[in-house]
Amino acid sequence: MLDIRPISDLRNKFTDIENAVLNKGPVILTKNGYGSMVVMSIQEYERLTSNIENALDEAEKQASESDKRLSHEEVFGHFNKR
């Protein structure tokens, strides 16, 4: 279940948010009733971004080993057909 709290809790109940983030997962903070930001642990952030970092590293390696370049249409056309 999502943990949604007002952004004022970040200042007034920081320890509660910290414990929730570490034990239950990301916390969504709202401002004036609308989503404003998400607070998550560093471990969760690294888990979410590690695949992206690895893919970018692999793409850089492939680009340095080849002169072949793909157009925007070649790259994203495949996804649009799905």
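Hi everyone. Let me begin with a definition: a helix here is a DSSP run of H or I with at least four residues, and helices are numbered from the N terminus. With that in hand, helix α3 covers residues 42-65. Keep in mind throughout that we are looking at a predicted model.

Let's start with the overall picture. The protein has 4 helices and 3 strands, and along the sequence they run β-α-α-β-β-α-α. The radius of gyration is 19 Å, well over the 12 Å that the globule rule gives for 82 residues, so the protein is more spread out than a compact globule. You can see that in the C-alpha trace too, which spans about 55 × 25 × 20 Å along its principal axes.

What share of the 82 residues is buried? The figure is 13%. On the surface side, about 7200 Å² is exposed, and carbon and sulfur atoms supply 53% of that area. As for contacts, if we take those with a separation of 6 or more, 22% of them join residues 24 or more positions apart.

Now to the charges. There are 11 positive and 14 negative ones, and their mean positions lie 7 Å apart. Side chains of opposite charge can pair when their charged atoms come close. How many salt bridges does the model have? The count is 2.

One of them links D3 and R5, where the closest N and O atoms are 3.0 Å apart. Both D3 and R5 are buried.

The side chains of E44 and R47 also form a salt bridge, at 2.8 Å from N to O. Both residues sit in helix α3, 3 residues apart, which is about one turn of the helix. Are they buried or exposed? E44 has a relative accessible area of 21%, so it is partly exposed, given that buried means under 20%. R47 is at 52%, and because exposed means over 50%, it counts as exposed.

Finally, a residue I'd like you to find on screen: P26. Look in the loop between α2 (14-23) and β2 (27-31). P26 is partly exposed, at 37% relative accessibility. Which residues does P26 touch, leaving aside those up to four places away in sequence? They are D3, V38, V39, M40 and E44. Two of those names are familiar: D3 is the partner of R5, and E44 is the partner of R47. As for V38, it is 12 residues from P26 in sequence, with the two C-alpha atoms 6.4 Å apart in space.

That's my tour, thanks for listening!

Definitions and conventions:
Residues are numbered from 1 along each chain as its sequence is written. This is a predicted model: local features need pLDDT of at least 70, side-chain atom pairs count only at pLDDT 80 or more; totals for chains, interfaces and linings use all residues. Side-chain values use heavy atoms; hydrogens and water are left out. A salt bridge is a side-chain nitrogen of Lys or Arg within 4 Å of a carboxyl oxygen of Asp or Glu. Buried means under 20% relative accessible area, exposed over 50%, partly exposed in between (1.4 Å probe, protein chains only). Helices (H or I, at least four residues) and strands (E, at least two) are DSSP runs, numbered from the N terminus. The radius of gyration is taken over C-alpha atoms; the globule rule is 2.2 Å times the number of residues to the power 0.38. Contact means heavy atoms within 4.5 Å. Accessible areas come from the Shrake-Rupley method with a 1.4 Å probe; for residues, only the protein chains shown count as cover. Lys and Arg count as positive and Asp and Glu as negative; His and the chain ends are not counted. The place of a charge is taken as NZ of Lys, CZ of Arg, CG of Asp or CD of Glu.
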